[in-house]
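Biologist: Please take a close look at the aromatic rings and the residues around them. I am a first-year student, and a plain account with the cut-offs of each term would help.

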Amino acid sequence: MKKLKERWGIDSNFQIIVILVVFAVTGSTASVIGKPILSYLNINPETFSAFGYWTLRIILLFIVYQFMLVGFGWLFGQYKFFWNFEKKMLRRIGFKRFLN
């Protein structure tokens with residue numbers, strides 16, 4: 001736990017628990033929300049190929065996850081941690097110029 005607290009720059013074990021809960025809630029919620037969004041847009045394996053459907057679903061989940069992570073982080077009082085986490089992750093995948 002000590003290494004994790006140092007790496008994430010947090011002080012207490014309670015913060016670790018809250019952060020892990022936010023990751024779990026965000027992942028589950030993004031997964032649940034993705035299917036109705038695609039259904040509303042009439043995107044399903046019958047209208048697209050299975051490969052196309054799952055590619056679009058993963059892209060959609062990724063986008064929804066990014067917004068929800070910061071939102072749930074704010075709700076759980078960890079906005080600063082998740083905003084910094086989000087910026088770091090987006091820089092790593094090539095969105096550096098948009099974050100400056």
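Modeller: The account below begins with the rings, goes on to the core, and ends with a few polar residues.

This is a predicted model, in which local features need pLDDT of at least 70 and side-chain atom pairs count only at pLDDT 80 or more, while totals for chains, interfaces and linings use all residues. Residues are numbered from 1 along each chain as its sequence is written, and side-chain values use heavy atoms, with hydrogens and water left out.

A pair of aromatic rings is described by how far apart the centres are and by the angle of the planes. Here, rings of Phe, Tyr and Trp (for Trp, the six-membered ring) pair if their centres lie within 6.5 Å; planes under 30 degrees apart count as stacked, over 60 as edge-to-face, and the rest as tilted. Searching the whole structure gives 8 aromatic pairs. One of them joins Trp-8 and Phe-23, with 6.5 Å between the centres and 45° between the planes, and is tilted. Trp-8 belongs to helix 1 (residues 2–8) and Phe-23 to helix 2 (residues 13–40), so this pair ties together parts 15 residues apart in sequence. Helices are DSSP runs (H or I) of at least four residues, numbered from the N terminus.

Another pair is formed by Phe-81 and Phe-82: the centres are 5.0 Å apart and the planes stand at 90°, so the pair is edge-to-face. Ring pairs join Trp-8, Phe-23, Phe-81, Phe-82 and Phe-85 into a cluster.

How open these rings are is given by relative accessible area: buried means under 20%, exposed over 50%, and partly exposed in between, with a 1.4 Å probe and protein chains only. Trp-8 has 22% relative accessibility and therefore counts as partly exposed. Phe-81 counts as buried because its value is 12%, and Phe-82 is buried because its value is 0%. Not counting residues up to four places away in sequence, Phe-81 touches Trp-8, Ile-10, Ile-19 and Phe-23; a contact here means heavy atoms within 4.5 Å.

Some of these rings also belong to a nonpolar core, that is, a set of buried Ala, Val, Leu, Ile, Met, Phe, Trp, Tyr and Cys residues joined through side-chain atoms within 4.5 Å. The largest such core has 17 residues, and those with the most contacts inside it are Ile-19, Val-22, Phe-23, Phe-81 and Phe-82. Helix 2, helix 3 (50–75) and helix 4 each supply at least two residues of this core. Helix 2 gives the most, with 7 residues.

Helix 2 also holds Thr-26, which is buried because its relative accessibility is 0%. Apart from neighbours within four places in sequence, Thr-26 is in contact with Tyr-65, Met-68, Leu-69 and Phe-72.

A further residue of helix 2 is Gln-15. Beyond four places in sequence, Gln-15 touches Ile-10 and Gln-78. A polar atom of the Gln-15 side chain lies 3.0 Å from the backbone nitrogen of Asp-11. A polar contact is a pair of N or O atoms within 3.5 Å; within protein, one must be able to donate a hydrogen and the other to accept it, and residues adjacent in sequence count only if both atoms are side-chain atoms. The C-alpha atoms of Gln-15 and Tyr-40 are 37 Å apart, with these positions 25 residues apart along the chain.

In helix 3 is Gln-66, which counts as buried because its relative accessible area is 9%. A polar atom of the Gln-66 side chain lies 3.1 Å from the backbone oxygen of Phe-62. Residues up to four places away aside, Gln-66 touches Glu-86, Met-89 and Leu-90.

Glu-86 lies in helix 4 (residues 79–92). With neighbours within four places left aside, Glu-86 is in contact with Gln-66, Leu-69 and Val-70. Glu-86 is buried yet has no salt bridge, and the nearest side chain of opposite charge, Arg-91, is 11 Å away. A salt bridge needs a side-chain nitrogen of Lys or Arg within 4 Å of a carboxyl oxygen of Asp or Glu; Lys and Arg count as positive, Asp and Glu as negative, and His and the chain ends are not counted. Arg-91 also lies in helix 4, and is partly exposed because its relative accessible area is 36%.
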